[in-house]
Amino acid sequence: MTSERPNLLGMPPAELTELLGGHFEARGQPRYRAAQVREWVFGNTARSFDEMTNLPARERAALAEAFRFQEPETDIVSLSSDGTAKHLWKLHDGEVVESVLIPSGSRLTLCISSQAGCALRCKFCATGWSGFARQLSAAAIVGQYRASVRWARENDRGAVTNVVFMGMGEPLANRKAVMPALSILNGGYGLGARRITVSTVGVIPGIEALARRREQFRLALSLHAPVSELRAELIPLEKRYPLDQLMRALEAFNRKGGRRITFEYTMIRGVNDDPALLAPLAGLARRVQAFVNLIPFNPIPYVDWKPSLRGRVNEFRDGLEDGGVPVAVREPRGRDIDAACGQLRARRQQSA
Ligand code: SAH
């Protein structure tokens, strides 16, 4: 059965070496064959076994029989006037997920998806409203990266410098695939751990699992409200993993050292932008030395909410700064192509 052949794109470096070593040994091939294939995989040059031209045709055919080497297919690429490029990828079962390339100064950040849809139903998030379809495999996660890197190179966008798990889905609710994907991006493709950010709405066991890792991956917490009652109105998961417990998990993460925590705070007019929330927000940020990103809410079709007024966003920024908290205001990018937060897929479902 073809679907059971392991996809080499989803193998962490050590497992890949072992798997290929066993494969070639059983075929009486020299050991260096495994290293050759590894180079084609992580060197990001081949798209199929056929392109692995330093292997004999017979060995390429045997690889294709034993394994898959399969990236998601491009469904649509949308280009924004601000330089943002969004890919909609079609997976082998027809599910679609999206990733976004965001240039900013000398950086090129790739925002990738970890699930098709999302089960957590945050009220402000279009992906949550579109429902959960399925988990992505490590190969489908890494495949978005691999194909995006090549697209960026071929389209003169330069090299991808950073990866953020801020596309569709909750990465820490798919640890089975996200944990190996982190190993592959870091250990296989050589992307520095500090250039990889896992964004979570607060899955405590996942934060603990990340803290146990040796590599210094960055963590973003989608906070959106500094008090539990209000947070629970926006984020159903708050009832399961309440803020006080979440903060304790973040403190433990912080104690590991060398890893930065960011708070994401989407500012929604009249919902979570009361100046009275500034002091508790600053208090939480100081507890874990978090950097705060203030993001004007990006309107979605499902709720009648608006972004906070500019003056209020600036008031939050200044208030946090005065309170000794590092802060930035993030402008939504790629608005003209629905680049934010599951919107293109959601729109597609609506029109389907
Ligand atoms: N599940 C993860 C990652 C996906 S969301 C998480 O929640 O962190 C990536 C970021 O986009 C999160 O900070 C999320 O809160 C934010 N976001 C979602 N919908 C948004 C909207 N309509 N406007 C602005 N930010 C939004």
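Biologist: Hi! How far is an oxygen atom of the ligand from an N or O atom in the side chain of Ser-222?
Modeller: The two atoms are 2.6 Å apart, a polar contact (a pair of N or O atoms within 3.5 Å). This is a predicted model, where local features need pLDDT of at least 70, side-chain atom pairs count only at pLDDT 80 or more, and totals for chains, interfaces and linings use all residues. Residues are numbered from 1 along each chain as its sequence is written, and side-chain values use heavy atoms, leaving out hydrogens and water.

Biologist: Nice. And what does the side chain of Glu-170 do with a nitrogen atom of the ligand?
Modeller: An N or O atom in the Glu-170 side chain is 3.0 Å from a ligand nitrogen. Asn-298 uses a backbone N or O atom, 2.9 Å from a nitrogen of the ligand.

Biologist: How much of the ligand's accessible area does the protein cover?
Modeller: It covers 93% of the 530 Å² that the ligand has on its own, by the Shrake-Rupley method with a 1.4 Å probe.

Biologist: Which residues around the ligand come nearest?
Modeller: Of 19 around it (a heavy atom within 4 Å), the nearest are Phe-124, Ser-199, Ser-222, His-224 and Asn-298.

Biologist: Switching topic, how is the chain divided?
Modeller: Into domain 1 (2-66) and domain 2 (73-351), with bounds from an automatic or database domain assignment. Their C-alpha centres lie 34 Å apart.

Biologist: How many residues does each domain bring to the contact?
Modeller: Domain 1 gives 13 and domain 2 gives 14, counting heavy atoms within 4.5 Å.

Methods: A polar contact is a pair of N or O atoms within 3.5 Å; within protein, one must be able to donate a hydrogen and the other to accept it, and residues adjacent in sequence count only if both atoms are side-chain atoms.
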